[in-house]
Each structure stands twice: as structure tokens, then as C-alpha cells.
Amino acid sequence: GPISRQRFIDSCICIHLSKRFLVYLQRMSGFVEEVTFLDPNWMSEKVGEQIKEVKYRDQDKMGGMSGEMVFLTATTVTGKDIALLLKRGSANPMRAATGLAREAFFYEEISATLDMGLAKCYYSYGNMDSGECAILMECLVDTVPCGVFLGPGNPNNWSVKDKLTDMCVGNPSAIEITKGFFDLYAKMHA
């Protein structure tokens with residue numbers, strides 16, 4: 001039957017307090033909520049330019065299975081647009097067990113030291129215990145993720161398998177991409 005007005009109010013208070021507690025926990029853990037990424041002041045601090053507006057950009061994720069991709073455009077006070085990608089994954093046991101948060105550490109600690117044309121990282125957070133991570137990086141517009149060139153057997157390509165042939169035209173072969181992976185790996189361990 002219908003719930004009483006008081007029970008409804010109590011439920012709303014409980015939900016509100018739960019949300020506030022969740023926000024508190026996330027702040028304590030270092031994880032940044034998506035709304036923070038839309039704050040021009042926060043974004044200005046991270047990208048090193050005065051940002052007047054941050055908006056969602058209409059772009060589709062290409063492949064990948066490990067997290068959510070949020071495409072953003074940050075507009076500076078001078079009118080320059082900066083294409084950004086927010087890659088994030090929420091806490092869950094599978095992400096923790098497979099160590100997926102390590103990507104945030106790669107972008108925070110290693111990527112800038114490699115002269116390999118990698119996307120510039122503006123912010124990263126990873127928690128290996130929970131699997132939670134967030135990476136704010138430069139969005140390399142008009143590029144194709146190199147994993148695409150490894151063919152339909154790559155699980156990251158299952159969602160784009162019908163487009164692979166067109167995406168690979170004029171680009172390096174799987175052998176050349178694999179060689180590039182090994183070159184990068186060698187530079188990281190040199």
C-alpha cells in the first residue's frame with residue numbers, strides 16, 4: 001500500500017545523507033566526480049590555461065572494455081578549444097583483481113618521460129585496492145587506437161569489428177604495431 005508521508009520524508013533524508021556520505025568518501029579517496037571535471041576553475045588548474053567553459057563533446061568511444069570514456073571540450077578565455085578525454089572506472093572487485101587502476105599510474109608517472117607521441121595527461125588518480133581510476137588527458141582527435149590494428153581477435157575490437165577494415169586502410173600493419181609496442185616497452189624499461 002501507500003507509504004506514509006513521514007516514512008517518505010525519512011527515506012528522502014536517508015538517501016540524501018547516503019549521497020553526502022558517498023561524496024565524502026570519494027573526496028577522501030581522491031576520486032574526482034564528473035561534475036568536478038566540468039568546473040572551469042578546476043580545469044584551469046589542471047590544464048594550465050584559463051578555462052571559461054567545459055562542455056561534453058559528441059564523440060563515440062572506439063573499442064575498449066575497461067572503463068567509461070567521457071569526451072569534453074574546454075574553451076579558454078581566448079576562445080581556443082582543447083579536446084579532452086576523461087577515462088574513468090568505478091570501484092569494483094573485477095577492476096581491483098585485474099589491476100586496471102595501474103593505467104592512471106602509467107599516465108601520472110611514466111607517459112610524460114616517453115617521447116612517443118602519447119596523449120598528454122592533465123590529471124590521474126588510481127586506487128589499486130578498489131580498482132577505481134580517473135584520467136583526464138588530451139584527446140587525440142582524428143586518430144585510431146593502435147589496438148584496432150591487431151584485428152578482430154582483440155577483445156577491445158569486438159564492438160567495432162565491422163569497421164576494422166576501413167579503419168586500418170593506410171595505417172601500419174599488425175606486425176608494425178606490435179614492433180612499436182615492443183619498442184615502447186623497451187624504452188620504458190631502459
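**Salt bridges, ring pairs and a surface patch in a predicted model**

The side chains of K80 and E49 form a salt bridge, with N to O at 2.8 Å. That is where I will start, and please keep in mind that we are looking at a predicted model. K80 sits in the loop between β2 and β3, and E49 in the loop between α3 and β1, so the bridge ties together parts that are 31 residues apart in sequence. How accessible are the two partners? K80 has a relative accessible area of 40%, which makes K80 partly exposed. E49 comes out at 29% and is partly exposed as well.

E49 also turns up in the surroundings of T76. Setting aside residues up to four places away in sequence, T76 touches E49, Q50, I51, K52 and I82. T76 belongs to strand β2, which covers residues 68-76. Is T76 buried or exposed? Its relative accessibility is 2%, and because the limit for buried is under 20%, T76 counts as buried. The side chain of T76 also makes a polar contact of 2.9 Å with the side chain of T78.

Back to the salt bridges. How many does the structure hold? There are 5, and I will describe two more of them.

One joins the side chains of R88 and E68, at 3.0 Å from N to O. This pair links distant parts of the chain, with R88 in strand β3 and E68 in strand β2, 20 residues apart. The two ends have separate labels: R88 is buried at 14% relative accessibility, whereas E68 is partly exposed at 37%.

The other is between K179 and D183, whose closest N and O atoms are 3.0 Å apart. Here both residues lie in helix α7, 4 residues apart, so they are separated by about one helical turn. K179 has 53% relative accessibility and counts as exposed. D183, at 35%, counts as partly exposed.

While we are on helix α7, which spans residues 174-188, note that M188 is in it. M188 is partly exposed, with a relative accessible area of 31%. Which residues join M188 in a nonpolar surface patch? They are I110 and Y185, and the patch made by these residues together with M188 is about 260 Å².

Now the aromatic rings. A ring pair is described by the distance between the centres and the angle between the planes. This structure holds 2 aromatic pairs. One of them is W42 with Y123, an edge-to-face pair with 5.3 Å centre to centre and 70° between the planes. The W42 and Y123 pair links distant parts of the chain: W42 is in helix α3, residues 40-47, and Y123 is in strand β4, residues 121-126, with their positions 81 residues apart. Both rings belong to buried residues, W42 at 13% relative accessibility and Y123 at 12%.

Then there is the pair of F106 and Y107. What geometry does it have? The ring centres are 5.2 Å apart and the planes stand at 85°, so this pair is edge-to-face. Y107 is buried, with a relative accessibility of 15%.

To recap the pairs that reach across the sequence: K80 with E49, 31 residues apart, R88 with E68, 20 residues apart, and W42 with Y123, 81 residues apart. K179 and D183, by contrast, sit within helix α7, about one helical turn from each other. That is what I have; questions are welcome.

Conventions. Residues numbered from 1 in each chain as written. Predicted model: local features only at pLDDT ≥ 70, side-chain atom pairs only at ≥ 80, totals over all residues. Heavy atoms only, no water. Helix = DSSP H or I, 4+ residues; strand = E, 2+ residues; numbered from the N terminus. Buried < 20%, exposed > 50% of the residue type's maximum accessible area, 1.4 Å probe, protein only. Polar contact = N/O pair within 3.5 Å; in protein donor to acceptor, adjacent residues only side chain to side chain. Contact = heavy atoms within 4.5 Å. Patch = residues over 30% accessible without salt bridge, like charges linked within 9 Å, V, L, I, M, F, W, Y side chains within 5 Å. Areas by Shrake-Rupley, 256 points an atom, 1.4 Å probe, with all protein chains shown as cover. Salt bridge = Lys/Arg side-chain N within 4 Å of Asp/Glu carboxyl O. Phe/Tyr/Trp six-rings, centres within 6.5 Å; stacked < 30°, edge-to-face > 60°.
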